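Please look over the sequence and the structure below. The briefing after them goes topic by topic.

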Amino acid sequence: MIRYVGLMCAIGSVSFDLLSYYRQIAKTLHTKKSAQVSSTAYMMKLGHYLCSVIALCIFANWAGFAMEMFAFTACIICFYLVIRHKPKGWSLF
């Protein structure tokens, strides 16, 4: 059963990663400005890293776990900075 949860987290991780790229590309094509950063893309990235961390923990891949935890932490910091510099009146949801 636990391996099934790990497999679902791995699939979720890949799905979140693909959705984050899709979201950023869609926003760039819509605004015609590559300077725009999609906060939803960062939320998808956070979902990707969270699912990856859980799957790597279940499958006891500690080297991959450490790498993903570092990336997860960096993504949280970047997401915070993106939110902090959004225009006034902007809301996440």
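**Disulfides and overall build**

A search of the whole structure finds 0 disulfides. The model is predicted. The protein chain holds 3 helices and 0 strands, in the order α-α-α along the sequence.

**Cysteines**

- A disulfide is a covalent bond between the sulfur atoms of two cysteines.
- The closest cysteine sulfur to that of Cys51 is in Cys9, 5.1 Å away, which is too far for a bond.
- The cut-off for a disulfide is 2.5 Å between the sulfur atoms.
- Cys51 is buried, with a relative accessible area of 15%.
- Its closest partner by sulfur, Cys9, is among the buried residues of α1.
- For Cys75, the closest cysteine sulfur is in Cys78, at 6.6 Å, again too far for a bond.
- Cys75 counts as buried because its relative accessibility is 6%, and the limit for buried is under 20%.

**Chain as a whole**

- The C-alpha trace of the protein chain spans about 45 × 20 × 20 Å along its principal axes.
- The protein chain has 93 residues, and 29% of them count as buried.
- Take contacts between residues at least 6 apart in sequence: 62% of them join residues at least 24 apart.
- The exposed area of the protein chain is about 6,600 Å². Carbon and sulfur atoms supply 72% of that area.

**Helix α1**

- Helix α1 covers residues 2-31.
- α1 has 30 residues. From first C-alpha to last, α1 reaches 43 Å, close to the 44 Å expected at 1.5 Å a residue.
- Which residues of α1 are buried? They are Gly6, Cys9, Gly12, Ser13, Asp17 and Ser20.
- These buried residues of α1 pack against α2.
- Residues three or four places apart in an α-helix point the same way, because the helix has 3.6 residues a turn.
- Lys32, just after α1, takes a positive phi of about 60°.

**Helix α3**

- Helix α3 runs over residues 62-84.
- At 1.5 Å a residue, the 23 residues of α3 should span 33 Å. The end C-alpha atoms of α3 are 33 Å apart, so the two values agree.
- Buried in α3 are Gly64, Glu68, Ala71, Phe72, Cys75, Phe79 and Val82.
- What covers the buried residues of α3? The cover includes α2, residues 39-58.
- α2 thus appears twice: the buried residues of α1 pack against α2, and α2 is part of the cover over the buried residues of α3.

**Exposed nonpolar residues**

- Where is Phe70 placed? Phe70 is in helix α3.
- Phe70 is exposed, with a relative accessible area of 66%. Phe72, also in α3, is buried.
- C-alpha to C-alpha, Phe70 and Ser52 are 12 Å apart in space. In sequence, Phe70 and Ser52 are 18 residues apart.
- Ile2 lies in helix α1. Ile2 is exposed, because its relative accessible area is 55% and the limit for exposed is over 50%.
- Ile2 is part of a nonpolar surface patch of about 820 Å². Met1, Tyr4, Val5, Leu7, Met8, Ile11 and Phe59 make the patch together with Ile2.

Note on methods:
Residues are numbered from 1 along each chain as its sequence is written. This is a predicted model: local features need pLDDT of at least 70, side-chain atom pairs count only at pLDDT 80 or more; totals for chains, interfaces and linings use all residues. Side-chain values use heavy atoms; hydrogens and water are left out. Helices (H or I, at least four residues) and strands (E, at least two) are DSSP runs, numbered from the N terminus. Buried means under 20% relative accessible area, exposed over 50%, partly exposed in between (1.4 Å probe, protein chains only). Contact means heavy atoms within 4.5 Å. Accessible areas come from the Shrake-Rupley method with a 1.4 Å probe; for residues, only the protein chains shown count as cover. Patches are made of residues with over 30% relative accessible area and no salt bridge: like charges are joined within 9 Å, nonpolar side chains (Val, Leu, Ile, Met, Phe, Trp, Tyr) within 5 Å. A salt bridge is a side-chain nitrogen of Lys or Arg within 4 Å of a carboxyl oxygen of Asp or Glu. The expected span of a helix is 1.5 Å times one less than its number of residues.
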